[in-house]
Amino acid sequence: TPDVGDAIEIRVVRRPDFATSTKTADVREVLPGDLIRWTLTVTNSGAILDGGVSVFDSVPEFLEVVDAGDGRVVNGEIRWALPNFDAGESRVLTVITRVLPGAPGGTALSNQARILSRRGLPTVTDDPDTAEDDDPTVVTVREVVLIEATKTVTDANDAPVRPGDTL
C-alpha cells in the first residue's frame, strides 16, 4: 500500500482511437421495397497509425444488401479490411440495402458497425443525429396502408344497363 508522498508511476500509452466513428442513414422511415443508403465514417482520432483495421456490419433482418462497395458480404455481415490507417484519417464506407417485402410496419431496423483495430480498443459506430453516445442508427418501417374501394352504377331509368345508357 503506497504511503502519502510515495512516487506513483503513470505510463501513458499512445494508440489509435476509433470512438468518434459514425453511421448514418439517408432516411428515417421506409416502406417495403425502399432503398436505404448507410454511410459509415471510420475515423482514427488517436495519436498514431494503426496497421490494420477491420469493420464488421451485420445486416438487420428484413434487409438485403444491394451494394456493399469494397466490403465483402459473408453470412449476413459486411466486412472491410482497412490497412495503414493514419492518425487523424477518416474513411467513408457506403452500403445500400433494400427493405424486403413483408417487413412488418413499425419494425425498427437497428444498425451499428463494430470496429476492431490491431493497436486500439474495439468500438462501435455512433448515430451522430442523436444525443446518446455509441447508439445504433435506427430506420423504421412504416405501416403499409391498403385502400379498398367499391363502385356501383345504376341506369338513370332503373333499367338494366345497356351500351349508350346514361349512368
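Two strands are taken to pair if DSSP finds at least two bridges between them, and on that criterion β4 and β7 pair in the antiparallel sense over eight bridges. The model open in the viewer is a predicted one, and the stops below begin with the whole chain before moving to single strands and residues.

**The whole chain**

Colour the protein chain by secondary structure, which comes to zero helices and twelve strands; read along the sequence, the pattern is β-β-β-β-β-β-β-β-β-β-β-β. The radius of gyration of the protein chain is 27 Å, well over the 15 Å that the globule rule gives for 167 residues, so the chain is more spread out than a compact globule. Turn the C-alpha trace along its principal axes, where the span is about 110 × 40 × 25 Å.

With the surface switched on, the protein chain exposes about 10700 Å², of which carbon and sulfur atoms supply 49%, while 32% of the 167 residues count as buried. Among the contacts in the protein chain with a separation of 6 or more, 73% are accounted for by residues 24 or more positions apart.

**Strand β4 and its partners**

Select residues 50–58, which are β4, together with 77–85, which are β7. Within this antiparallel pair of eight bridges, find V55, which stands opposite W80 in β7. Then add residues 113–117, the strand β10, which runs antiparallel to β4 and is joined to it by five bridges; here the bridge partner of F56 is R114 in β10. Strands of a sheet pair through backbone hydrogen bonds, either parallel or antiparallel.

**A81, on β7**

Is A81, in strand β7, buried or exposed? Its relative accessibility is 65%, and because the cut-off for exposed is over 50%, A81 counts as exposed. From A81, draw a distance to V92, eleven residues further apart along the chain: the two C-alpha atoms are separated by 13 Å.

**N44, ahead of β4**

Move next to the loop between β3 (35–43) and β4, where N44 has its place. At 0% relative accessibility, N44 counts as buried. The side chain of N44 reaches the backbone nitrogen of G46 at 2.9 Å. Leaving aside residues up to four places away in sequence, N44 touches P16, D17, F18, L49, D50, F85, D86, A87, G88 and E89, so that list is worth displaying as sticks around N44.

**The three-stranded sheet**

Now select β2, β12 and β9, which in the order β2-β12-β9 make an open sheet with mixed pairing. The strands β2 (29–30) and β9 (108–111) stand at the edges, each with a single partner strand, so one side of each is left without a neighbour in the sheet. Zoom in on β2 and on β12 (residues 137–141), which run parallel and are joined by two bridges; E29 stands opposite T140 in β12.

**D127, ahead of β12**

The last stop is D127, found in the loop between β11 (123–124) and β12. At 1% relative accessibility, D127 counts as buried. Which side chain makes a polar contact with the side chain of D127? The partner is the side chain of R28, at 2.9 Å. R28 also appears among the residues that D127 touches, together with K23, E132, D135, P136, T137 and V138, when residues up to four places away in sequence are not counted.

Methods
Residues numbered from 1 in each chain as written. Predicted model: local features only at pLDDT ≥ 70, side-chain atom pairs only at ≥ 80, totals over all residues. Heavy atoms only, no water. Helix = DSSP H or I, 4+ residues; strand = E, 2+ residues; numbered from the N terminus. Buried < 20%, exposed > 50% of the residue type's maximum accessible area, 1.4 Å probe, protein only. Polar contact = N/O pair within 3.5 Å; in protein donor to acceptor, adjacent residues only side chain to side chain. Contact = heavy atoms within 4.5 Å. Rg over C-alpha atoms; globule rule 2.2 N^0.38 Å. Areas by Shrake-Rupley, 256 points an atom, 1.4 Å probe, with all protein chains shown as cover.
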